[in-house]
Amino acid sequence: MIIAKHSVVAIDYTLTNDAGTVLDTSSGREPLAYIQGMNNIIPGLEKALEGKKVDDQLKVTIAPEEGYGVRRDELIVRVPRSDLPPGMEVEVGFQLVGQTPMGRQVFTVSKVEGDQVTLDGNHELAGVTLTFDVTIKGIRAAKAEELSHGHTHGFDEGCGTGCGCH
């Protein structure tokens, strides 16, 4: 079986940046399971995995445009602390969800200066070139239930993920 649209795929991976710093890895954990073609992983990695088979290994470098996007200055806003929910702890790194003209957006507090809070709506890996070392550990057809939810319940038959969709 090869990786194609609506395949459930299990991969072992290590993700690094341009400096070779490990950003994430499945080492010591279960392989990452996702459904091909359902936007469960970044576009560049999904494209690189298309057509591969179990035990294939690859190293793929993904530009920001095919990863978490380029950094966009318009997603960085300064707001008065009074615009945030009353009593909210405001610390650098804290995340909150805001409503924008384009819908719900996750913002990270990037700076607090007196009564002004800087919120950054960019993904933390926006603008970063990513390198994945990947080994394909398993491929199977997605179940109708998984396709209707848009995500897999793990590579094995049981769910047990606490996804709340049952």
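**Getting to know this predicted model**

Q: Is Tyr13 buried or exposed?
A: This is a predicted model, so the values here are computed from it. Tyr13 has a relative accessibility of 9%. The cut-off for buried is under 20%, so Tyr13 counts as buried.

Q: Which residue pairs its ring with that of Tyr13?
A: The structure holds one aromatic pair, and Tyr13 in strand 1 is half of it. The other half sits in strand 9, 119 residues apart from Tyr13, so we're looking at a link between distant parts of the chain. That partner counts as buried too, at 6% relative accessibility. Its name is Phe132.

Q: Are the rings of Tyr13 and Phe132 stacked, edge-to-face or tilted?
A: The ring centres are 6.4 Å apart, with the planes at 50°. Stacked needs an angle under 30 degrees and edge-to-face needs one over 60. The angle here fits neither, so the pair is tilted.

Q: Which strand gives the most to the largest nonpolar core?
A: The core has 20 residues, and Ile11, Leu45, Leu49, Phe132, Val134 and Ile136 touch the most other members. Strand 1, helix 1, strand 4 and strand 9 each supply at least two of its residues. With five residues, the top giver is strand 9.

Q: Which residues does Val134 contact, leaving aside neighbours within four places in sequence?
A: Val134 is among the core members that touch the most others. Start with Leu45 and Leu49, two more residues from that group, which are both in contact with Val134. Add the remaining contacts and you get Ile11, Asp12, Tyr13, Leu45, Leu49, Asp56, Gln57 and Leu58.

Q: How many residues make up the second, separate core?
A: Nonpolar side chains tend to be buried together in soluble globular proteins. Besides the largest core, there's a second one that includes Val79, Leu84, Val90 and Val109. Its residue count is nine.

Q: What separates the C-alpha atoms of Met1 and Arg140?
A: Met1 belongs to the segment before strand 1 and is exposed, with a relative accessible area of 60%. Arg140 is 139 residues away along the chain, yet Met1 touches Arg140, along with Lys52, Lys53, Ile139 and Ala141. The C-alpha separation of Met1 and Arg140 is 7.6 Å.

Q: Where is the pLDDT below 50?
A: The protein averages a pLDDT of 90, and 94% of the residues score at least 70. One stretch falls below 50, though the model gives this stretch twelve contacts beyond near neighbours in sequence. You'll find that stretch at residues 158-166.

Notes. Residues are numbered from 1 along each chain as its sequence is written. This is a predicted model: local features need pLDDT of at least 70, side-chain atom pairs count only at pLDDT 80 or more; totals for chains, interfaces and linings use all residues. Side-chain values use heavy atoms; hydrogens and water are left out. A nonpolar core is a set of buried Ala, Val, Leu, Ile, Met, Phe, Trp, Tyr and Cys residues joined through side-chain atoms within 4.5 Å. Buried means under 20% relative accessible area, exposed over 50%, partly exposed in between (1.4 Å probe, protein chains only). Helices (H or I, at least four residues) and strands (E, at least two) are DSSP runs, numbered from the N terminus. Contact means heavy atoms within 4.5 Å. pLDDT is the predictor's confidence in each residue, from 0 to 100. Rings of Phe, Tyr and Trp (its six-membered ring) pair if their centres lie within 6.5 Å; planes under 30 degrees apart count as stacked, over 60 as edge-to-face and the rest as tilted.
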